[in-house]
Amino acid sequence: MPSFTYWPTFPFEGDLRVKRLLDPVPIEPPRHGDNPAECRACGAPDEAYIWVSDRWRVRSLDRPTGLPAVLILESRSHLDLGDLPNMLAAELGVMTVRLERAIRSLDGVARVHVNRWGDGAAHLHLWFLARPYGRLQLQGTFLALWDDILPPIPEDQWRENLALVAAWLAEFGGRPLAEPPRINWTAPAQFREEARTADPDAALGDAGIHVDPPEPAAADAGAAVDARASSDATAAANADATGNAGMAGNALTAEHPSAAAGETLPKPGTPTAPAAADDTAAVPPSLTKNPAPETAQPDTP
């Protein structure tokens, strides 16, 4: 067996057998397109390509393959490589470099292999095969074989790569025809349904994390408790400033609107005592929030 069968890039292993070499034929059969009237490339519309210009067109295969991108550069005129006039020959070099750069700009592409065989079709076409980054086993001669062996990449990724290459080429002229894949928008209701399917007890947040929404009644009760605690704290502060008598009056006034009208309400659980003739007499003047009027009787020794 030849030595390349032991290369790490060779895609086959096991017992192999070389086919018998057939005898040469006296006259080779015509290639497709040797008759320009039957050339499929000449009859293909621009819509079958991802990018077109006045003299060049770029197309892809009709489906994803195992490589990030496999593209074909064709001349618009029905010419083979050796038939190109000088101007198109010079442009072929520019287009080859430009298309190679466009493909290599894709994420995950390490190298671009450029091949021209010409045995199957007479219309000039060059193959550009993108080798994935890090796939050292795909280096070298057998990349085209690996493209048929590997599972195809996702179609959305394939279409996005085509659109990016077409947009790159269009920066230098021509017209891009490849469109990126449509975004599959998911409605919020579908997000909620997917979260419930993943974990029926999960809330709308991360799946698997259960968060109980607060009950409206509990929230109102908590707000009432906070308000009552705040009111009690205010009453206590007023009591420190005005004394016990002032605190009692303010607290009763705050809780019983009838006390504001002058009605004296006793504290719950205590006997009713006669009202003092002068409440301010029992409170030192320095602690009285509202000093007594000048007509009040002074304290006696």
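A cavity is a set of grid points where a 1.4 Å probe fits but cannot get out. Under that rule, this predicted model has one cavity of 30 Å³ or more. The largest cavity holds about 40 Å³ of space. Its lining consists of Leu61, Arg63, Pro64, Thr65, Leu67, Ala69, Val70 and Trp158. By character, the lining residues divide into six nonpolar, one polar and one charged.

The overall layout comes next. The protein contains six helices and six strands. Read from the N terminus, the elements follow the order α-β-β-β-α-β-β-α-α-β-α-α. Of the 301 residues in the protein, 28% are buried. Among contacts with a separation of 6 or more, 57% join residues 24 or more positions apart.

Helix H2 covers residues 86-104. Its 19 residues should span 27 Å at 1.5 Å a residue, and because the end C-alpha atoms are 27 Å apart, the expected and actual lengths agree. Which residues of H2 are buried? They are Leu88, Glu91, Leu92, Met95, Thr96, Leu99, Glu100, Ala102 and Ile103. An α-helix has 3.6 residues a turn, so residues three or four places apart point the same way. The buried residues of H2 pack against strands E1 (51-52), E2 (56-60), E3 (70-75), E4 (109-115) and E5 (125-132), and also against helix H4 (155-170).

H4 can be checked in the same manner. With 16 residues at 1.5 Å each, H4 should span 22 Å; its end C-alpha atoms lie 23 Å apart, which agrees. Buried in H4 are Trp158, Asn161, Leu162, Ala163, Val165, Ala166 and Leu169. Trp158 also appears in the lining of the largest cavity. The cover over the buried residues of H4 includes E1, E2, E3, H2 and strand E6 (175-176).

The largest nonpolar core has 28 residues, and the members that touch the most others are Ile50, Leu99, Ile103 and Val165. Elements giving two or more residues to this core are E2, E3, H2, E4, E5 and H4. H2 supplies the largest share, six residues. Leaving aside residues up to four places away in sequence, Ile50 touches Val58, Arg59, Ser60, Leu71, Leu162, Val165, Ala166, Arg175, Pro176, Leu177 and Ala178. A second, separate core has eight residues, including Phe10, Val70, Leu143 and Trp146. Val70 is also one of the residues that line the largest cavity.

Technical notes
Residues numbered from 1 in each chain as written. Predicted model: local features only at pLDDT ≥ 70, side-chain atom pairs only at ≥ 80, totals over all residues. Heavy atoms only, no water. 1 Å grid on protein atoms, 1.4 Å probe; cavity = no way out; pocket = protein on both sides within 12 Å on 5 of 7 lines; lining within 4 Å. Points joined across faces, edges and corners; volume = space filled by probe spheres on them. Nonpolar A, V, L, I, M, F, W, Y, C, P; charged D, E, K, R; others polar. Helix = DSSP H or I, 4+ residues; strand = E, 2+ residues; numbered from the N terminus. Expected span 1.5 Å × (residues − 1). Buried < 20%, exposed > 50% of the residue type's maximum accessible area, 1.4 Å probe, protein only. Contact = heavy atoms within 4.5 Å. Core = buried A, V, L, I, M, F, W, Y, C linked by side-chain atoms within 4.5 Å.
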